[in-house]
Amino acid sequence: MDGLRDTNPDFFRKYEDIDDTEEFLHYMMLPLRQSFRVNTLKAGIDEVVERLSEEFELESVPWVREGFFVYGGEITNTPEFALGLIFMQEASSMIPAAVLDVEPGMLVLDMAASPGSKTTQMSAYMENRGCIIANDVKYPRINILISNIQKFGSVNVRVTMKDGRYFGRFRDTFDRVLLDAPCSNVGMIRKNYKYLRLWRQRDVEALSRLQKELIMAAYRALKPGGVLVYSTCTLDPEENEEVVDYLLSNTDANLEKIDLPLKSHEPVTEFRGKTYTDEVRKCLRIHPQDNNTEGFFVAKVVKDE
């Protein structure tokens, strides 16, 4: 642990103010367990589970019916993976699409879509009916997004390459908007220590400014009565509660409490001299030790009719 502290002392000094427990540090450094989601556009859950259980130990993800943890072997060497019957997706990252409440026939905006795990998850929930605008800002990320959309048989998706703030001009247009925002990726340190080496407070502050602009654009593009889900895979309050607080302070947005069968931490309402509205307590703040997953943050926003 001391070696890791030397990797980025500024990170550890800050995170003493966020979660100073030994359990948090222990889980942050544990390898991430693998999980996948059955692609119901191509196969039934039961038949895929029955086949894979012959080779692997599977455990249901409690908050997503088609999600499973997997133990033993290389599941990416199976025909199920090669044919797009399963999508390797971290269990906590299945939450945003699950709580967005998409339905067949809706018009949905996935504002920062690559690599397409949540896009294809929503497409399956929509039974390939309606339309998802899957957007990303960088050309290399568009390539992998298109590749996954094709592999997983999502035919109700149209891909765009725009800065997410562009969509703010489409006022009151989309039934649902997912903003899985670019972030400092602290939750992914369990997957790759490079995210620990790369973390910088100045980047957190720059990302927070960008995230505030993106969430304002996302909310403008949302229809009255629609749902916006904001999520990140980081735990810095500036990128989570502060962004949601900014939206609530500048619009008529309302938060809806997320009720799922999982453990979570109390959201942050005060941090380093800043105070956030008590409404942010309705958000979902997941630390790695809560469910043995990535760290994650999810907020569900509704727009009045």
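Helices and strands are DSSP runs, numbered from the N terminus. In this predicted model, Cys233 lies in the loop between strand 9 (222–232) and helix 11 (241–250). UniProt, in an unreviewed entry, lists Cys233 under "active site". Cys233 has a relative accessible area of 10%. Buried means under 20%, so Cys233 counts as buried. Beyond its sequence neighbours up to four places away, Cys233 touches Cys183, Asn185, Val186, Gly187 and Met188. Cys233 also touches Glu294, Gly295 and Phe296.

Phe296 leads into strand 14, which spans residues 296–302. Strand 14 is mostly covered, with seven of its seven residues buried. In a regular strand the side chains alternate between the two faces of the sheet. Both faces of strand 14 are covered. Phe296, Val298, Lys300 and Val302 are buried on one side. Phe297, Ala299 and Val301 are buried on the other.

Strand 14 has several pairing partners. Strand 9 pairs with strand 14 over six bridges, in the antiparallel sense. Here Thr232 stands opposite Phe297. Strand 10 (residues 254–256) is joined to strand 14 by three bridges and runs antiparallel to it. Glu256 of that pairing faces Lys300 in strand 14. Strand 13 (residues 284–286) is likewise antiparallel to strand 14, again with three bridges. The bridge partner of Leu284 is Val298 in strand 14.

A further sheet is formed by four strands. It is open, with the order 2-3-1-4 and antiparallel pairing. Strand 2 (57–60) and strand 4 (86–88) are the edge strands, each pairing on one side only. From one strand to the next, the twist averages 35°. Strand 2 and strand 3 (residues 67–71) run antiparallel and are joined by four bridges. Glu57 has Tyr71 in strand 3 as its bridge partner.

Helix 4 (residues 45–52) lies across strand 1 (35–38), strand 2, strand 3 and strand 4. Helix 4 runs at about 140° to strand 1. Ile45, Val48, Val49 and Leu52 of helix 4 are buried. Seen down the axis of helix 4, these buried residues fall within an arc of 95°, so they line one face of the helix. An α-helix has 3.6 residues a turn, so residues three or four places apart point the same way. The buried residues of helix 4 pack against strand 1, strand 2, strand 3, strand 4 and helix 5 (79–82). On the other side of helix 4, Asp46, Glu47 and Glu50 are exposed.

Key. Residues are numbered from 1 along each chain as its sequence is written. This is a predicted model: local features need pLDDT of at least 70, side-chain atom pairs count only at pLDDT 80 or more; totals for chains, interfaces and linings use all residues. Side-chain values use heavy atoms; hydrogens and water are left out. UniProt positions are given in the numbering used here, feature names are shortened, and annotations may be inferred rather than shown by experiment. Helices (H or I, at least four residues) and strands (E, at least two) are DSSP runs, numbered from the N terminus. Buried means under 20% relative accessible area, exposed over 50%, partly exposed in between (1.4 Å probe, protein chains only). Contact means heavy atoms within 4.5 Å. Two strands pair if DSSP finds at least two bridges between them. Axes are lines fitted to C-alpha atoms, for helices over the stretch in contact, and angles run from 0 to 180 degrees between N-to-C directions. The arc is that of the directions from the helix axis to the C-beta atoms.
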